[in-house]
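I opened the notebook to record what I looked up in this structure, one topic at a time. The entries follow in the order I made them.

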Amino acid sequence: MKLLIVTAIKVFEKEVKVMLKKSGIHIFSYTDINGFRDLSEESVESNWFGSEMNENDSLMFYSFANEEKTDLLFNYANEFNSKQKTLSKIHVVILNVEKSN
């Protein structure tokens, strides 16, 4: 069993839900979160936000699923991200679950 964690900006909510469904992950939870990025280390020329601190309305999805399904979702997210022209991506983390009840 794996613990799947997906974070994305709120604009990508529909796309993440479609990926979960296509991967066979029909049971999941999600919550609103505030994404934060500290750009104070970047030069002014490369910082297109125009400020040092940036917050985004984001979502975090999580689910327990088998490796086959989590791998499918990981691949769908990579495919989606490769086609994006924006800086924001869908981030996927897959963790091993040692015990559960």
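**Entry 1: S63**

I looked up S63 and found a relative accessibility of 4%, so S63 counts as buried. The model is a predicted one, and I read every entry below with that in mind. S63 belongs to strand β3, which spans residues 53-65. I then asked which backbone oxygen the side chain of S63 reaches. The side chain of S63 reaches the backbone oxygen of I27, at 2.7 Å. I also listed the contacts of S63, leaving aside neighbours within four places in sequence: K2, L3, L4, I25, I27 and F28.

**Entry 2: other residues of β3**

I went on to A65, which is also found in strand β3. A65 has a relative accessible area of 9% and is buried because the cut-off for that class is under 20%. With neighbours within four places left aside, I noted M1, K2, I25 and T70 as contacts of A65. I checked A65 against G24 as well: the two are 41 residues apart along the chain, and their C-alpha atoms are separated by 9.0 Å.

Next I took Y62, again in strand β3. Is Y62 buried or partly exposed? I found 36% relative accessibility, so Y62 counts as partly exposed. Y62 touches L4, F28 and S29 when residues up to four places away in sequence are not counted. From C-alpha to C-alpha, Y62 and I27 are 9.2 Å apart, with their positions 35 residues apart in sequence.

**Entry 3: aromatic pairs**

I searched the whole structure for aromatic pairs and got four. One of them joins F12 and F80: the ring centres are 5.0 Å apart and the planes stand at 80°, so I entered the pair as edge-to-face. F12 lies in the loop between β1 (2-9) and α1 (13-22), while F80 is in helix α2 (residues 67-82), so this pair ties together parts that are 68 residues apart in sequence. F12 is buried, with a relative accessible area of 7%. F80, at 15% relative accessibility, counts as buried too.

I turned to the rings of F28 and Y30 next, with centres 6.3 Å apart and planes at 40°, so the pair is tilted. F28 is partly exposed, with a relative accessible area of 27%. Y30 counts as partly exposed at 38% relative accessibility. I wrote down F28, Y30 and F61 as one aromatic cluster.

I also looked for a charge over a ring. The charged end of K22 sits over the ring of Y76, 4.3 Å from the ring centre.

**Entry 4: nonpolar core**

How many residues does the largest nonpolar core have? I found 16 residues in this core, and those with the most contacts inside it are L4, V6, V16, L20, L73, I90 and V92. I then checked which elements supply the core: β1, α1, β3 and α2 each give at least two residues.

I followed up L73. Not counting residues up to four places away in sequence, L73 touches L4, V6, M19, L20, S23, I25 and V92.

**Entry 5: N81**

I looked up N81 and placed it in helix α2. N81 has a relative accessible area of 13%, so I entered N81 as buried. Leaving aside neighbours within four places in sequence, I found N81 in contact with K89 and I90.

**Entry 6: the whole protein**

I closed with the totals. The secondary structure comes to two helices and four strands. Along the sequence I read the pattern as β-α-β-β-α-β. Of the 101 residues of the protein, 28% count as buried. I asked what share of the contacts with a separation of 6 or more comes from residues 24 or more positions apart. Such residues account for 74% of those contacts. The protein exposes about 7200 Å², and I noted that carbon and sulfur atoms supply 52% of this area.

Terms used. Residues numbered from 1 in each chain as written. Predicted model: local features only at pLDDT ≥ 70, side-chain atom pairs only at ≥ 80, totals over all residues. Heavy atoms only, no water. Buried < 20%, exposed > 50% of the residue type's maximum accessible area, 1.4 Å probe, protein only. Polar contact = N/O pair within 3.5 Å; in protein donor to acceptor, adjacent residues only side chain to side chain. Contact = heavy atoms within 4.5 Å. Phe/Tyr/Trp six-rings, centres within 6.5 Å; stacked < 30°, edge-to-face > 60°. Lys NZ or Arg CZ within 6 Å of the ring centre and 35° of its normal. Core = buried A, V, L, I, M, F, W, Y, C linked by side-chain atoms within 4.5 Å. Areas by Shrake-Rupley, 256 points an atom, 1.4 Å probe, with all protein chains shown as cover.
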